[in-house]
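User: Here is the structure I want to go through. Let's start with a single side chain and work outwards.

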Amino acid sequence: MEESTYIYSQLSSYTVLRLVVLQYDLPETMSCKFYVRGLHDNYLIESKNKKFILRIYRNNWRSGEEIGFELDLLRFLGNKAALVAFPLGTKIGELSFFIDSPEGKRSAALFNYADGHAPGNEISIEEGALLGNSVANIHRLTDAFHTNYTRPILDIPHLLDESIIAIEPFVNTEFLTYLKTLQNKLHHAIPSIIKEQGIYGICIGDVNPTNFHVNEKKQLTLFDFDQCGYGYRAFEIGKFISSIHTLKTKNDIAKSFMDGYQQVRQLSREEVYVIPYFEMISVIWVMAINVNNVELIGHKWLEKPFWDRKLSILKELDSVVFIK
């Protein structure tokens with residue numbers, strides 16, 4: 001009989017709590033509950049006075065090299081007192097540990113809990129400005145970051161070209177023709193930008209209204225650096241703007257984000273020019289992320305309504321960015 005294979009399994013909260021107690025020096029009285037499944041599994045660990053998040057990475061989405069990069073980056077930012085949820089060291093000083101699962105070894109890391117709540121679609125103009133300021137501060141701090149780990153570069157070939165290759169089997173001929181036409185237009189429209197410090201460097205990769213918490217003191221804490229890597233900071237801003245596309249206050253929040261950002265780092269004229277193009281590219285990149293995780297999220301969510309929504313967004317942006 002052929003042996004069964006697994007692409008994903010979920011640990012019980014009881015098992016996770018037992019592993020956390022074994023690996024970390026934490027208060028004895030703890031509780032654990034499954035918190036949220038994103039691209040990885042996240043468990044909420046609570047004691048009387050503290051909260052933590054244990055993330056168990058999917059081994060068919062992130063390699064050890066990529067995880068090491070992310071954790072090194074967050075440790076660096078934690079040491080700089082940046083407002084991020086950073087990883088704790090295990091009893092032996094490691095930033096992660098391995099868990100045996102049916103699909104193989106999976107990495108797990110424990111993070112400080114980000115105080116407050118995520119504003120989501122209720123993000124305010126004030127929070128947009130605070131977020132822009134926080135992102136710029138991370139960009140500034142990480143100009144001094146170095147690691148021996150590597151990550152895919154968040155450049156046009158990766159974000160746009162590789163994404164369209166991944167999307168191709170999932171869309172009809174009409175959609176694909178449009179995508180390739182748009183791909184060609186974007187390649188010709190985006191000018192060559194010098195990879196100089198500040199303009200190019202570490203990007204969080206997925207700044208959006210659900211990936212930070214804000215508390216009652218209006219302090220922001222960012223988390224979920226799963227998409228981080230080296231790229232143009234204009235991409236980072238375009239990616240954020242793409243995440244608020246459906247909001248009626250999109251333009252106001254985008255402006256407040258950029259104003260807050262430029263209180264820390266002034267954007268060049270070339271960067272401001274390319275942000276709308278990176279917004280379009282970000283929409284395509286997120287489509288590819290869905291495609292590349294279809295065995296986790298399910299094919300149901302990639303049926304015609306999904307592609308119709310994305311096509312509508314792209315055509316709307318196309319009509320504004322590329323003046324006919």
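User: Arg55, buried or exposed?
Analyst: Arg55 is buried, at 10% relative accessible area. Keep in mind that this is a predicted model.

User: Which residue does Arg55 form a salt bridge with?
Analyst: Its partner is Asp224, and the closest N and O atoms of the two are 3.4 Å apart. The pair connects distant parts of the chain, with the two positions 169 residues apart in numbering: Arg55 belongs to strand S3 (residues 51–56), while Asp224 sits in the loop between strand S8 (220–222) and strand S9 (229–232).

User: And Asp224, how accessible is that one?
Analyst: Asp224 has 22% relative accessibility, so it counts as partly exposed. The cut-off for buried is under 20%.

User: Back to Arg55. What stands opposite it in S5?
Analyst: Ala109 in S5 is across from Arg55. S3 and S5 run antiparallel and are joined by five bridges.

User: Which strand forms a hairpin with S5?
Analyst: S4 does, with two residues between the two strands. S4 covers residues 97–101, runs antiparallel to S5 and is joined to it by five bridges. In that pairing, Ile99 is opposite Arg106.

User: Arg106, which salt-bridge network is it in?
Analyst: Arg106 is linked with Arg37, Asp41 and Glu103 in a network of salt bridges.

User: How many salt bridges does the structure hold?
Analyst: There are 19.

User: Give me another one. What does Asp143 pair with?
Analyst: Asp143 meets Arg233 in a salt bridge, at 3.3 Å from N to O. Asp143 is in the loop between helix H3 (125–141) and helix H4 (156–167) and Arg233 is in helix H6 (residues 233–243), so this bridge ties together parts 90 residues apart in sequence.

User: Which of those two ends is buried? I'd start with Arg233.
Analyst: Arg233 is buried, with 0% relative accessible area. Asp143 counts as partly exposed, at 22%.

User: What else lies in that loop between H3 and H4?
Analyst: Thr150 is one of the residues there. Thr150 counts as partly exposed, at 48% relative accessibility, because the exposed class begins over 50%.

User: How far apart are Thr150 and Ile138?
Analyst: In sequence they are 12 residues apart, and in space 19 Å, C-alpha to C-alpha.

User: Now a bridge inside one helix. What about Lys304 and Asp308?
Analyst: Both are in helix H10 (residues 304–321), four residues apart, which is about one turn of the helix. Their closest N and O atoms are 2.7 Å apart, and they form a salt bridge. Lys304 is exposed, with 59% relative accessible area, and Asp308 is partly exposed, with 38%.

User: Changing topic. How many disulfides?
Analyst: The count is zero. Cys203, for one, is in no disulfide, and the nearest cysteine sulfur to it belongs to Cys228, 9.6 Å away.

User: Why no bond for Cys228?
Analyst: Its closest cysteine sulfur is the one in Cys203, and 9.6 Å is too far for a bond. The limit for a disulfide is within 2.5 Å between the sulfur atoms.

User: Cys203 and Cys228, buried or exposed?
Analyst: Cys203 counts as buried, at 0% relative accessibility. Cys228 also counts as buried, at 2%.

User: Pockets next. What volume does the largest pocket have?
Analyst: About 1400 Å³. It is lined by 47 residues, and those closest to its centre are Asp206, Asn208, Thr210, Asn211 and Asp224. Asp224 is also the salt-bridge partner of Arg55.

User: Which elements give two or more residues to the lining?
Analyst: They are strand S1 (31–37), S3, helix H2 (64–79), strand S5 (104–112), H6, helix H8 (269–292) and H10.

User: Which one gives the largest share?
Analyst: H8, with six residues of the lining.

User: How do the lining residues divide into nonpolar, polar and charged?
Analyst: The lining of the largest pocket has 20 nonpolar, 18 polar and nine charged residues.

Note on methods. Residues are numbered from 1 along each chain as its sequence is written. This is a predicted model: local features need pLDDT of at least 70, side-chain atom pairs count only at pLDDT 80 or more; totals for chains, interfaces and linings use all residues. Side-chain values use heavy atoms; hydrogens and water are left out. A salt bridge is a side-chain nitrogen of Lys or Arg within 4 Å of a carboxyl oxygen of Asp or Glu. Buried means under 20% relative accessible area, exposed over 50%, partly exposed in between (1.4 Å probe, protein chains only). On a 1 Å grid over the protein atoms alone, a cavity is a set of points where a 1.4 Å probe fits but cannot get out, and a pocket is an open set with protein on both sides within 12 Å along at least five of seven lines; lining residues have an atom within 4 Å of a point. Grid points are joined across faces, edges and corners, and a volume is the space filled by probe spheres set on the points. Ala, Val, Leu, Ile, Met, Phe, Trp, Tyr, Cys and Pro count as nonpolar, Asp, Glu, Lys and Arg as charged, and the others, Gly among them, as polar. Two strands pair if DSSP finds at least two bridges between them.
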